[in-house]
Amino acid sequence: MHDPAATGGRPHLTVLIPAHNERERIAAAIDGLWRQTRRPDLIVVVADNCTDDTAAVAAAHGAQVFHTRGNTHKKAGALNQAIDWILPHLDDRDLLLVQDADTVLNPWFNETAMGTFNRKVGAVGGVFYGEPGGGLLGLLQRMEFHRYAWEVERTGGRAQVLTGTGTMFRARVLREVRAARLSGLIGGGDGYYSLASLTEDDEMTKAVKTLGYRAMSPAGCAVTTEVMPTLRKLWHQRLRWQRGALENLRDYGWTRVTARYFLQQFLMGFGALSFLVYLIFMSTYTTMYGWPGLSPFWTAIGLIFVVEKTVSVRRAGPLAVVVAALMVPEMLYDLFQHAVYFTSLWGLVRRSEEKWVAT
């Protein structure tokens with residue numbers, strides 16, 4: 001256990017950054033932590049099977065380096081090894097922040113997260129925004145992330161997912177999660193993070209909530225993360241996210257915690273199917289009978305839809321508002337997302353194997 005006197009009696013804050021060949025980005029992630037209004041007491045870069053000089057760059061920027069040994073379970077396995085190493089030195093009230101190497105936290109993240117904890121809150125996750133660049137595809141992802149942040153804010157900061165881009169845990173909660181896995185209350189192996197999930201952050205969210213804790217994402221916990229520069233990389237990323245979410249629900253089953261997630265997935269599928277049926281109907285009707293003209297009722301509905309789309313991305317900037325108002329780029333982006341959803345669902349039904357693909 002750490003000496004409370006060393007931190008002035010306040011909780012000790014340790015940061016773990018899992019990294020696999022991240023020499024280009026690790027410095028920015030570490031520097032962002034040193035700029036925090038509440039600086040970490042220790043930053044540990046978890047170098048996982050690196051073949052570049054990630055470790056050297058991390059050490060040069062003031063981080064301690066932990067090298068994984070024989071890890072074949074990607075990020076979850078690397079984190080389990082590092083948590084196993086650091087947790088015996090922490091009190092139950094101490095804090096552990098897990099952050100992706102391609103992410104930079106805003107300067108108020110730590111202070112905001114630490115102020116959010118109480119007896120009912122077991123973990124505090126970030127609200128993620130996309131980094132600049134990536135052309136139209138990058139802009140569409142940033143718009144998507146802004147809408148997610150907008151929805152989280154509207155629900156009072158309740159986290160839908162404890163994002164891997166940045167989440168802070170009570171040490172006590174991580175101990176309880178592992179104990180629950182060992183007892184069989186929740187699955188996922190015998191570690192802290194599940195080794196059976198493609199999306200360990202989504203699974204960890206359900207684990208924390210299953211133990212009766214709240215998961216929060218206050219607006220002050222903003223993070224800036226990577227956007228996928230190509231459709232191929234975006235496809236692999238979103239397929240892993242969606243397939244992982246579906247598999248986690250299958251593994252947990254219907255519970256008080258998962259009920260709302262099942263409803264979300266149902267509404268997502270219903271919305272995607274309805275959109276496809278609408279497109280097919282309109283294209284068929286127009287081909288056979290010509291343009292049907294404008295209906296006052298449906299025009300009003302469409303205008304409400306456009307207003308909601310533009311208002312929800314206004315913080316992303318004027319260009320995002322223009323693209324939202326045009327509708328067509330986001331309709332194509334939605335079709336892409338629908339394709340991901342149905343591909344994931346079909347893969348789950350066929351029980352085909354979806355592998356973790358680094359992006």
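Two strands pair if DSSP finds at least two bridges between them. Helices (H or I, at least four residues) and strands (E, at least two) are DSSP runs, numbered from the N terminus. The model on screen is predicted: local features need pLDDT of at least 70, side-chain atom pairs count only at pLDDT 80 or more, and totals for chains, interfaces and linings use all residues. Residues are numbered from 1 along each chain as its sequence is written, and side-chain values use heavy atoms, with hydrogens and water left out.

**Stop 1: strand β6**

Select residues 121-125, which make up strand β6. Of its 5 residues, 5 are buried (under 20% relative accessible area, with exposed over 50% and partly exposed in between; 1.4 Å probe, protein chains only). Strand β6 is therefore largely enclosed by the rest of the structure.

Next add strand β9, residues 214-216, which pairs with β6 in the parallel sense over 3 bridges. Which residue in β9 is the bridge partner of A123? The partner is A215.

Now add strand β8, residues 166-170. Strands β6 and β8 pair in the antiparallel sense, over 3 bridges. Here V124 has M168 in β8 as its bridge partner.

**Stop 2: aromatic pairs**

A pair of aromatic rings is described by the distance of the centres and the angle of the planes. Rings of Phe, Tyr and Trp (its six-membered ring) pair if their centres lie within 6.5 Å; planes under 30 degrees apart count as stacked, over 60 as edge-to-face and the rest as tilted. A search of the whole structure finds 8 such pairs.

One of them is F128 with Y148, a stacked pair at 5.0 Å centre to centre and 15° between the planes. F128 lies in strand β7 (residues 127-130) and Y148 in helix α5 (residues 135-154), so the pair ties together parts that are 20 residues apart in sequence. Are these rings buried or exposed? F128 is buried at 12% relative accessible area, and Y148 is buried at 15%. Add F145 to the selection: F128, F145 and Y148 form one aromatic cluster.

Then select F266 and F270, a stacked pair with 6.3 Å between centres and 20° between planes. They are 4 residues apart in helix α9 (residues 259-289), about one helical turn. F266 is exposed at 55% relative accessibility, and F270 is exposed at 52%.

**Stop 3: charges over rings**

A charge sits over a ring if NZ of Lys or CZ of Arg is within 6 Å of the ring centre and within 35 degrees of the ring normal. Select R154 and W150: R154 lies over the face of W150, 4.4 Å from the ring centre. Finish with R260, whose charged end sits over the ring of Y261 at 5.3 Å from its centre.
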